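Biologist: Could you walk me through this structure, one feature at a time? I would like to learn how to read each one.

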Amino acid sequence: MFIQTESTPNPATLKFLPGQEVLGAGTADFQSAAAAEKSPLASRIFAVEGVVGVFFGHDFVTVTKAENVEWDHIKPAILGAVMEHYQSGQPVMADGAEQAPAHAEHSGEDADVVNQIKELLDSRVRPAVAQDGGDITFHGFDRGVVYLHMQGACANCPSSTLTLKMGIENLLRHYIPEVVEVRPVAV
């Protein structure tokens, strides 16, 4: 098994590509070893000292390291943990563990606008953010303000505010006149 790695815009996060599906649908974000208990793969990765976050996409795993840890010191152990997991035959997620849905449901008078926002996020934004080892989820629309949550490599990335304001906000405002601002939410 050959696992590729890619850097991300977030220097504390590295993207691991195992060459096979990680999650069939949705995403999974683990911010602690305790949260990772529902995933044998995330648990193995958190066993590497210095790991502070693990995120699963369709065909990638992003790992966030502690500030005081160097990638040269932990990257081989993470590669070993990923390889060991796939050779074990265990599932990525334990039975009954749920992945996060792509979007929160919304109904009401703004349903058409929300559907347009979700469509643009799915077709234009999420693929680009996944390239950087992250994801973005819709959390609401209220009085012209779109609330989004950044995950994975994008969560604490130094350029995430710029991505939200200059990239996503401009895109949404261009196509959907009802959108006046984009704001991040913490979950």
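Biologist: Let me start with a helix: by about how many helical turns are Arg126 and Asp122 separated in helix H3?

Modeller: Before we begin, keep in mind that this is a predicted model. An α-helix has 3.6 residues a turn, so residues three or four places apart point the same way. Here Arg126 and Asp122 are four residues apart in helix H3 (residues 111–131), which puts about one helical turn between them. Their side chains form a salt bridge, with the closest N and O atoms 3.2 Å apart.

Biologist: Which residue besides Asp122 joins Arg126 in a network of salt bridges?

Modeller: That is Asp135, whose side chain meets Arg126 in a salt bridge at 2.7 Å, N to O. Through shared partners, Asp122, Arg126 and Asp135 become one network. As for exposure, Asp135 and Arg126 are both buried, while Asp122 is partly exposed at 34% relative accessible area. Arg126 counts as buried because its relative accessibility is 16%, and the cut-off for buried is under 20%.

Biologist: How many salt bridges does the structure hold?

Modeller: There are six. Another of them links the side chains of Glu6 and Lys15, at 3.8 Å from N to O. Glu6 is partly exposed, with 35% relative accessibility, whereas Lys15 is buried at 3%.

Biologist: Over the face of which ring does Lys15 lie?

Modeller: Lys15 lies over the face of Phe60, at 4.9 Å from the ring centre. Phe60 itself is buried, with a relative accessible area of 4%.

Biologist: Now the rings. How many aromatic pairs does a search of the whole structure find?

Modeller: The search finds two. To read a pair, look at the distance between ring centres and the angle between planes; planes over 60 degrees apart count as edge-to-face. Phe30 and Phe56 have their ring centres 5.3 Å apart and their planes at 70°, so they make an edge-to-face pair. Phe30 belongs to strand S3 (residues 28–30) and Phe56 to strand S4 (residues 51–56), so this pair ties together parts 26 residues apart in sequence. Phe30 is buried at 1% relative accessibility, and Phe56 is buried at 0%. In the other pair, the rings of Phe55 and Phe60 have centres 6.1 Å apart and planes at 35°, so that pair is tilted. Phe55 is buried too, with a relative accessible area of 1%.

Biologist: Let me turn to strands. In which sense do S1 and S2 pair?

Modeller: A general idea first: in a regular strand the side chains alternate between the two faces of the sheet. Strand S1 (residues 4–7) and strand S2 (residues 13–17) pair in the antiparallel sense, over four bridges. A hairpin of five residues joins S1 to S2. To follow one bridge, start at Thr5 and look across to its partner in S2, Phe16.

Biologist: One last helix, then. What span should the 18 residues of helix H2 have?

Modeller: At 1.5 Å a residue, helix H2 (residues 71–88) should span 26 Å, and its end C-alpha atoms are 25 Å apart, which agrees.

Biologist: Where do the buried residues of H2 fall when seen down its axis?

Modeller: The buried residues of H2 are Trp71, Ile74, Ile78, Ala81, Val82, His85 and Tyr86. Seen down the axis of H2, they fall within an arc of 125°, so they line one face of the helix. On the face turned away from that buried side, H2 carries the exposed residues Asp72, His73, Pro76 and Gln87.

Key. Residues are numbered from 1 along each chain as its sequence is written. This is a predicted model: local features need pLDDT of at least 70, side-chain atom pairs count only at pLDDT 80 or more; totals for chains, interfaces and linings use all residues. Side-chain values use heavy atoms; hydrogens and water are left out. Rings of Phe, Tyr and Trp (its six-membered ring) pair if their centres lie within 6.5 Å; planes under 30 degrees apart count as stacked, over 60 as edge-to-face and the rest as tilted. Helices (H or I, at least four residues) and strands (E, at least two) are DSSP runs, numbered from the N terminus. Buried means under 20% relative accessible area, exposed over 50%, partly exposed in between (1.4 Å probe, protein chains only). A charge sits over a ring if NZ of Lys or CZ of Arg is within 6 Å of the ring centre and within 35 degrees of the ring normal. A salt bridge is a side-chain nitrogen of Lys or Arg within 4 Å of a carboxyl oxygen of Asp or Glu. Two strands pair if DSSP finds at least two bridges between them. The expected span of a helix is 1.5 Å times one less than its number of residues. The arc is that of the directions from the helix axis to the C-beta atoms.
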